[in-house]
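Got your viewer open? Here's a short tour, one selection at a time, with a note on what to look for at each stop.

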Amino acid sequence: MIGLSTRRTAAVAAVLALSAAGCSGPGTPPAAPVATAAAAATPAPPAAPSPVPAARAGLGGRPSPSARPCTVFPADNVWHADVSRLPVHPRSAAMIGAIGGGAVHADFGSGRWEGAPIGIPVTVVPAGQRRVPVTFGYADESDPGPYPIPPDAAVEGGPDGTGDRHVIVWDRAACRAYELFDAHRSGAGWRAGSGAVFDLRSNRLRRAGWTSADAAGLSILAGLVRYDEVAAGRIDHAIRVTVPRTRTGWTWPATHSASSATDPALPQLGQRLRLKRSVDLSRLPRQARIVAEAMRRYGLVVADHGSAWFLSGAPDPRWDNDDLHALGGLRGSDFEVVDAAGLMVSAGSGATG
């Protein structure tokens, strides 16, 4: 995440240097794997006593049959809004031009890039996961701990990663997401640049002006492409995307700005983009096509600064990287900015009308 205005200038420079070197974008550098994600591929045998709870089996793990299902935000949340028929924003052409005409890049996949799995990892924890203290560099805009983050939680970029180092913990029993930016182990707990807790059964947004683990103040989990969705044949939400520059201020549902630029051609954090209906998707391989269909129906949400058109997702060994690379056939000119203001019910809520 490119952080709280000028307070993260040094971090911005370091991460942009990584981008210039050809690695993943600043908003989404290579990441550690989803916690024990391989366990999702085949049913686990009866669990023996282990220091790692069997319930933390990655995104493919199933909650207890008696547990109330936990979706990532309610069905009427803006992340799940169909934007395929929304009007085009009057400054769409200028904003798309400012983002650039380069290729779309799936910043997630299988295998490793520069020693770390590719994507933003998600650690699923069981009910009753022990809470530990978390200290924040930007405590004034962070939700205070303790957080239920295990000592072996997956860190974006791996234990020695130097990028955004996001940690995303999904407590499906409590239906909450705990998200950290620049996370590091510290004694019995963690320290981070910033952190946010999201009640996934609520539409409530963060306080106006507050960041999260993402520059836009939004949930990272909500915008990740996850393998289990694609395996099921459908992504039902917008996708997180990074762009090189944004304009000061934010567009609903974002709550935070990370720029002082005033050029009206630049998009704002929270801006909703959409793949044009005219783009032919029939020749895309299955995994890429499902992602593209989501970009057409639910769109993209500008969430952070980074390489242009980098899509965020969780790593998984079952991704077909050749399939995902086919998304590179889509260009910036294949997208448009939509005017999503008509969806808003309240500035403090992600609910749509």
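Before clicking anything, one term: buried means under 20% relative accessible area, exposed over 50%, and partly exposed in between, using a 1.4 Å probe and protein chains only. This is a predicted model, where local features need pLDDT of at least 70, side-chain atom pairs count only at pLDDT 80 or more, and totals for chains, interfaces and linings use all residues. Residues are numbered from 1 along each chain as its sequence is written, and side-chain values use heavy atoms, with hydrogens and water left out.

**Whole protein.** Colour by secondary structure and you get five helices and 15 strands; these are DSSP runs (helices H or I, at least four residues; strands E, at least two), numbered from the N terminus. Of the 353 residues, 58% are buried. The protein exposes about 14200 Å², with carbon and sulfur atoms supplying 54% of that (Shrake-Rupley areas with a 1.4 Å probe; for residues, only the protein chains shown count as cover). Now turn on contacts, meaning heavy atoms within 4.5 Å. Among contacts between residues at least 6 apart in sequence, 73% join residues at least 24 apart.

**Select 167-171.** This is β6, and five of its five residues are buried, so the strand is largely enclosed by the rest of the structure. In a regular strand the side chains alternate between the two faces of the sheet. Here V167, V169 and D171 sit on one side, I168 and W170 on the other, and all are buried. Two strands pair if DSSP finds at least two bridges between them. β6 runs parallel to β4 (residues 122-125), joined by four bridges, and pairs with β7 in the antiparallel sense over five. Pick V169 to see both connections: T123 has it as bridge partner, and Y178 in β7 stands opposite.

**Step on to C175.** Which loop is this? C175 is in the one between β6 and β7 (176-181), a hairpin with four residues between the strands. Its relative accessibility is 0%, so C175 counts as buried. Leaving aside neighbours within four places in sequence, C175 is in contact with C70, T71, F198, D199, L200 and R201. T71 is 104 residues away in sequence, yet 7.7 Å away C-alpha to C-alpha.

**Check some backbone torsions.** Most residues other than glycine have a negative phi, and most peptide bonds are trans. C175 has a positive phi near 55 degrees. E114 has one of about 50 degrees, in the loop between β2 (112-113) and β3 (116-117); at 64% relative accessibility, E114 counts as exposed. For cis peptide bonds, try G145 to P146, with omega near 5 degrees, and W252 to P253, with omega near 15 degrees.

**Show β5, β9 and β8.** They form an open sheet in the order β5-β9-β8, with mixed pairing. β5 (134-136) and β8 (184-186) stand at the edges with a single partner strand each, so one side of each has no neighbour in the sheet. β5 and β9 (residues 189-192) pair in the parallel sense over three bridges, with T135 partnered by R191.

**Last stop: D323.** Find D323 in helix α5 (residues 321-325). Not counting residues up to four places away in sequence, D323 touches P285, R286, Q287 and A288. D323 is buried yet has no salt bridge (a side-chain nitrogen of Lys or Arg within 4 Å of a carboxyl oxygen of Asp or Glu). What is the nearest side chain of opposite charge? R286, 7.2 Å away, where Lys and Arg count as positive, Asp and Glu as negative, and His and the chain ends are not counted.
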